[in-house]
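Biologist: Please take me through how to read this model, one feature at a time.
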Amino acid sequence: MEITEQQYNRNEVEVLRETSIRPLRQWGTKVKIWLAFLILVCGWGLFCFIYQLQHGLGATAMRNYVSWGLYIATFVFFIGISHSGTLVSGILRITKQPWRMPITRSAELMTFVSLLFGGIMPIIDLGRPDRLHHIVLFGRLQSPLIWDVICIGTYFVGSSMFLFLPMIPDMALCRDRLKGTASKFRLWIYEKLSLGWTGTPMQHKRLELTMTIMTIIIIPIAVSVHTVVAYIFAMTLRPGWDSTVFGPYFVAGALYSGSATVILAMAAFRKFYHLEKYITLKHFDLTGRIVLALTLIYAYMNLNEYWIPAYKMAVGEGRLLNDLFSGTYAKVFWILQFGTVLLPIIAMSFPAGRKPLPLIISCIIIVIGAWVKRYIIVVPTLLHPYMPIQEVPWDWAHYFPNWVEWSVTMGCFAGIFLVITLFAKLFPMMAIWEVEEGMKIEETRRLGMEIFKKNESEEAKVATTDGNK
Amino acid sequence: MNNSNKKTTSRRDFLQKGLLAGTAITASVIGLKKVFSEEEMQSADKSIVFSPNGKVFTVDTNKLCEYTAPPPTNDGARIGIAGKKFVMVIDLAKCDGCKACTECCQAMHFTEPDKEWIKVFKMQDAETLIPYYFPKPCFHCDNPPCTKVCPVNATFKRQDGIVLIDNERCIGCRSCMAACPYSTRFFNWSHPVQSKEVTNIPYSPEHGFPRRMGTVEKCDFCPHMIRQGKMPTCVDGCPMGAIWFGDQNEDAVTNSEGITMRLSQLIEDNAAYRHLEDLGTEPRVYYLPPKNRKYPKPDMNEQPQLQKVKHGEMNMGNMQM
């Protein structure tokens with residue numbers, strides 16, 4: 001029994017291609033307003049950043065005790081979000097999950113964009129961004145910060161390739177389909193990006209091979225990235241950071257927030273691009289299970305991170321933990337533990353909690369929780385050094401991000417949405433050829449099942465007739 | 001006369017060369033002279049002087065002036081003073097918390113008043129233990145957590161034990177501030193308030209000014225003073241003679257009263273300790289426990305309120321002009 005091109009529904013493929021490419025044909029007013037809004041927020045962020053450049057980091061609320069604040073917390077958060085693409089594309093690809101096909105593109109895009117802005121955050125936080133080239137001129141391999149530059153740089157190049165490779169056949173499709181509707185410039189871009197793809201079996205084979213190699217490479221890189229981000233903190237002697245569990249703790253935190261972001265991106269594109277036919281309840285249920293599993297791991301890491309020092313209450317750790325458990329940060333700390341970790345675990349444990357709406361709410365809570373948690377990791381530790389804080393200006397001993405920091409950070413968030421929106425209006429948001437392949441696989445399975453059932457029933461018939469004889 | 005003129009010319013050339021060659025090394029100690037003048041002003045007094053490479057000759061006394069080698073810039077400041085290992089010993093039994101050390105330091109380094117390179121803490125390790133004053137400079141650790149994490153080698157450990165910062169290389173990432181367990185480092189958050197005289201001084205990591213926005217600074221053990229044969233300013237300025245400073249290789253430390261002691265003896269007699277020894281940073285600053293104090297202990301209830309002043313305003317109010 002051969003399954004040829006003709007045998008599975010050509011109509012289905014046509015519908016799929018058109019659904020994916022239709023949003024690229026025209027830019028509605030809603031999109032334009034949204035873009036204008038994002039550019040405005042971005043512009044304001046940029047303006048505030050220039051203000052900060054002129055006046056120095058003194059324009060922020062950071063002072064000598066809290067020398068890292070919202071920027072570094074957001075940096076860690078963005079790098080965490082970037083684990084979404086690797087998770088879905090890498091891990092699900094290597095475990096051969098065919099249902100991943102419709103959600104890979106949006107996940108990989110999230111990785112790409114959050115890494116882009118994650119990489120910008122520490123530069124915004126530099127006292128002398130004009131001396132950035134010193135990292136190349138005088139870089140020391142012994143410094144955790146250089147490990148970060150290397151790992152994040154490698155991950156950025158890798159995930160850009162990871163995003164681009166499966167786009168090649170789709171670029172060819174855009175090149176052919178958008179003739180007439182898209183501008184000459186855009187067609188030229190598609191033409192160049194398709195790298196002369198014609199869909200020969202040889203090309204498919206090569207692409208598959210490259211993707212497999214990339215998958216194997218990208219997973220360890222992704223793990224390394226968040227590990228070394230944790231090392232920036234863990235390589236110090238500060239209570240609260242001086243922890244051997246920090247590397248895996250950060251990786252778990254990254255997967256926890258990254259997987260939740262996958263669901264949010266998936267839900268957004270499903271709604272705006274009308275992909276309900278391809279992204280189904282099954283996808284929500286399955287990704288919900290993944291988020292549940294990762295949240296459980298994260299909760300376990302949290303237990304290790306806080307319970308072990310809390311049991312011993314050594315001097316430095318004790319001061320910090322008292323402040324977290326029952327002091328200034330107690331409310332935020334317990335809301336984070338119960339509201340953004342335990343509550344989603346309970347909700348997602350039930351099938352009803354993995355339906356789209358409750359799952360999306362859980363994921364929003366998780367993503368916000370992950371962000372605030374980064375803040376709670378960075379700031380309270382800096383406010384509890386070994387030396388007592390005595391006779392210093394009031395603002396040295398207290399920290400809350402001021403308008404400059406909020407504006408610049410919001411500008412970065414807007415930048416993320418801006419790049420995503422532009423990308424989604426220029427390139428198809430589903431890996432069309434992969435979904436087609438998925439459909440082929442399912443068709444093959446369906447046909448196989450039919451043949452199997454047919455044979456089975458025939459055998460049963462024979463058996464019954466034999467028995468009758 | 002002709003003959004002697006020729007001679008002085010050649011001597012002058014020789015001296016100039018010698019000066020150029022030897023400035024950074026030994027010139028300041030010898031107290032060299034200014035013999036560049038073309039005018040041959042004769043005077044009765046002649047002085048015998050050494051050139052840096054050991055030659056002896058005679059010059060007019062009124063042509064002499066004190067020569068101090070400028071502190072080496074950047075590359076020179078990275079090496080440190082050969083053969084030395086600087087240490088500080090702070091006698092907590094003698095410290096009465098007057099903060100003269102802080103004031104001297106701030107004046108000498110043109111520091112903004114909220115930055116205390118040496119800061120006097122009121123410490124009480126536990127409720128049942130006695131409170132004491134605790135002056136804390138940079139500990140210039142032998143296993144420095146700060147230099148380890150610097151991504152661009154802007155902060156470095158020298159052969160004489162001193163940890164310095166090159167503010168012309170620092171990128172302001174503040175990793176070192178996060179890494180220092182003693183909160184010793186300060187950041188120039190805004191444009192530093194400095195007078196013209198200060199900004200005109202050539203920069204050297206050995207004194208840390210003129211300071212640059214967006215870079216880190218801290219106590220430097222005053223190597224530019226040491227090069228002039230003087231003590232760090234906090235040592236000199238302590239009215240109690242509570243701070244001792246010297247060279248570990250010589251096993252000698254001196255305080256502001258001019259008393260020189262053997263370092264090992266001081267450590268042994270007073271059961272000296274180093275702060276937070278178990279962190280393994282190996283500080284170069286030793287403390288003598290506050291035993292048999294001559295001064296009243298600090299009142300821990302009298303913690304001054306944190307000053308509710310805005311960052312910028314505080315700088316402006318106490319500008320050093």
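The dialogue below covers chain A, one of its helices and its contact with chain B.

Modeller: This is a predicted model, where local features need pLDDT of at least 70, side-chain atom pairs count only at pLDDT 80 or more, and totals for chains, interfaces and linings use all residues. Residues are numbered from 1 along each chain as its sequence is written, with chains lettered from A and ligands numbered from 1 in the order in which they are written.

Biologist: How many helices and strands are there in chain A?

Modeller: Helices (H or I, at least four residues) and strands (E, at least two) are DSSP runs, numbered from the N terminus. Chain A has 17 helices and zero strands.

Biologist: What span should helix H3 of chain A have?

Modeller: The expected span is 1.5 Å times one less than the number of residues. For the 12 residues of H3(A), 70-81, that gives 16 Å, and the end C-alpha atoms are 16 Å apart, which agrees.

Biologist: Are the residues of H3(A) buried or exposed?

Modeller: A residue is buried if 20 or more other C-beta atoms, placed from the backbone, lie within 10 Å of its own, exposed if 12 or fewer, and partly exposed in between. In H3(A), 12 of the 12 residues are buried, so the helix is largely enclosed by the rest of the structure; among them are A:Tyr71 and A:Phe75. Across chain A, buried residues make up 43% of the 469.

Biologist: How many residues does the contact take from each chain?

Modeller: Two residues are in contact if their C-beta atoms, placed from the backbone, lie within 7 Å. Chain A gives 39 residues and chain B gives 43. On the side of chain A, helices H6 (134-138) and H7 (144-164) each give two or more residues.
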